[in-house]
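Here's a chain to walk through together, starting from one small detail and working outward. Keep the structure open beside you as you read.

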Amino acid sequence: MIELWRGNVNAWECDELGHFNVRFYLARLSEAVANLAEAAGLNPIQRPDASATLILRDIHVRFLAEAHPGAPLYIEGGLLDHDDCTAHAIFVMRHSGTGKPAASFRVLLAHASPQTTTDFPWPQRFHARAETLKVDLPDFAAPRGLTLDGAATAPGLARADEMGLETIGRGRFGQAEMDGFGSMRAEFLLGRVSDSVTNFAAAFPEEWDQHAGGSPGQVASALLECHIRPRAWSRCGDGYVIRSGLKSVSPKVRNIVHWVMEPATGRVWWTMEGVAAPMDLTARKLLDVPADVQARVEAACIDGLTA
């Protein structure tokens, strides 16, 4: 793999869990994608005057080790395979001091028009360069708590009502969330969900009970792995609503599905399945869940829910 980004964790990028917030992993990934594109012989893909860009069509992330304020990090990556218009790529974020993986990102990149988001063939120069960037998938980047090859679901507002999905977030996308082409930046695929998941009472009753009691919390939800399927890219001023449900639970983790849609039209912006767990903020480890709480989350699971 080749190095594609190097920097550190800023204090203002950390959240209530005291570590690097998930949205900023995708922000750094976006920079790494642009640098991989340059290494593959493409023109700058994020400039507003670019005639071609790379669009993330599918994203699998594993969060492997916490990163705290001030931690030095770097990202390396390469290509797994490619066809006429798309490529699978792997990126690994590592702690600079130890080389230990902090996160892995397996993504499907589409060579596309930034104006129409329609895929079109790679330029000829890409194919020769791409061969020099070929790498193998590290074992730790393989999915662990979810399946990547399932058929994409057909979410909708009416179906969300029928299945009893909770509304955990609602709002509008702002100018600060847009890229050079006027579309939402990839980091907010996680950022908007991260901002809302604390409202998901059925999935994290331990955390919700703290808020309901008005006491300072020692428990918060930590995302361990996720699979994101972007469906359409929002523009400044577009609205969104996040409808969420529990897919399955185990003694330690909970598989959660989010459907992010436009309230006025039902248009689907993206869907996501995450593997998450309640975290003890004092002990810095996953929480041991009492039997009565485990029974509550098991009872809240929704049959047939997919992302």
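**Charges, covered and uncovered**

Let's start with E187, which is buried, with a relative accessible area of 10%. Keep in mind that this is a predicted model. What does E187 pair with? Its partner is R185, and the closest N and O atoms of this salt bridge are 3.1 Å apart. R185 counts as partly exposed, at 26% relative accessibility.

Step on along the chain from E187 and you get to helix α4, which covers residues 188-196. This helix is mostly covered, with 7 of its 9 residues buried. Those buried residues are F188, L189, L190, G191, R192, V193 and S196. Notice that an arginine, R192, is on that list.

Now zoom out for a moment. The chain's secondary structure adds up to 6 helices and 11 strands. Its radius of gyration is 19 Å, close to the 19 Å that the globule rule gives for 307 residues, so the chain is as compact as a globular protein of that length. If you'd like the outline too, the C-alpha trace spans about 60 × 50 × 35 Å along its principal axes. Of the 307 residues, 54% count as buried. Contacts reach well along the sequence: among those with a separation of 6 or more, 73% are between residues 24 or more positions apart.

What about the outside? The chain exposes about 13,200 Å², and carbon and sulfur atoms supply 51% of that area. As for charge, there are 29 positive and 37 negative charges, and their mean positions are 2 Å apart.

Back to the pairs. Side chains of opposite charge can pair when their charged atoms come close. How many salt bridges does the structure hold? The count is 15, and the R185 and E187 pair is one we've already met. Another joins D119 to R57, with the closest N and O atoms 2.6 Å apart. D119 sits in the loop between β5 (101-112) and α2 (124-132), while R57 is in strand β2 (residues 53-63), so this pair ties together parts that are 62 residues apart in sequence. D119 is partly exposed, at 31% relative accessible area, and R57 also counts as partly exposed, at 26%.

A third example is K247 with E273, whose side chains meet in a salt bridge at 3.2 Å, N to O. Here too the pair links distant parts of the chain: K247 belongs to strand β8 (residues 239-249) and E273 to strand β10 (residues 268-280), 26 residues apart. Is each end of this bridge buried or partly exposed? K247 counts as partly exposed at 32% relative accessibility, whereas E273 counts as buried at 7%.

Next, look for a charge without such a partner. R229 lies in strand β7 (residues 219-230). R229 is buried yet has no salt bridge. Which side chain of opposite charge is nearest to R229? That would be D58, 4.0 Å away. Leaving aside neighbours within four places in sequence, R229 is in contact with R57, D58, L148, G150, A151, A152, W270, T271 and A307. You'll recognise R57 in that list, the residue that forms the salt bridge with D119.

Finally, try two spots from the early part of the chain. R6 is found in strand β1 (residues 2-8). At 47% relative accessibility, R6 counts as partly exposed. Beyond its neighbours within four places in sequence, R6 is in contact with L73, Y74 and S96. Measure out to Q294 in your viewer: R6 and Q294 are 288 residues apart in sequence and 41 Å apart in space, C-alpha to C-alpha.

Then there's G18, in the loop between β1 and α1 (22-39). G18 is partly exposed, with a relative accessible area of 30%. Not counting residues up to four places away in sequence, G18 touches H68 and P69. How far apart are the C-alpha atoms of G18 and R284? These two residues are 266 apart along the chain, and their C-alpha atoms are separated by 9.7 Å.

Terms used: Residues are numbered from 1 along each chain as its sequence is written. This is a predicted model: local features need pLDDT of at least 70, side-chain atom pairs count only at pLDDT 80 or more; totals for chains, interfaces and linings use all residues. Side-chain values use heavy atoms; hydrogens and water are left out. Helices (H or I, at least four residues) and strands (E, at least two) are DSSP runs, numbered from the N terminus. Buried means under 20% relative accessible area, exposed over 50%, partly exposed in between (1.4 Å probe, protein chains only). Lys and Arg count as positive and Asp and Glu as negative; His and the chain ends are not counted. Contact means heavy atoms within 4.5 Å. The radius of gyration is taken over C-alpha atoms; the globule rule is 2.2 Å times the number of residues to the power 0.38. Accessible areas come from the Shrake-Rupley method with a 1.4 Å probe; for residues, only the protein chains shown count as cover. The place of a charge is taken as NZ of Lys, CZ of Arg, CG of Asp or CD of Glu.
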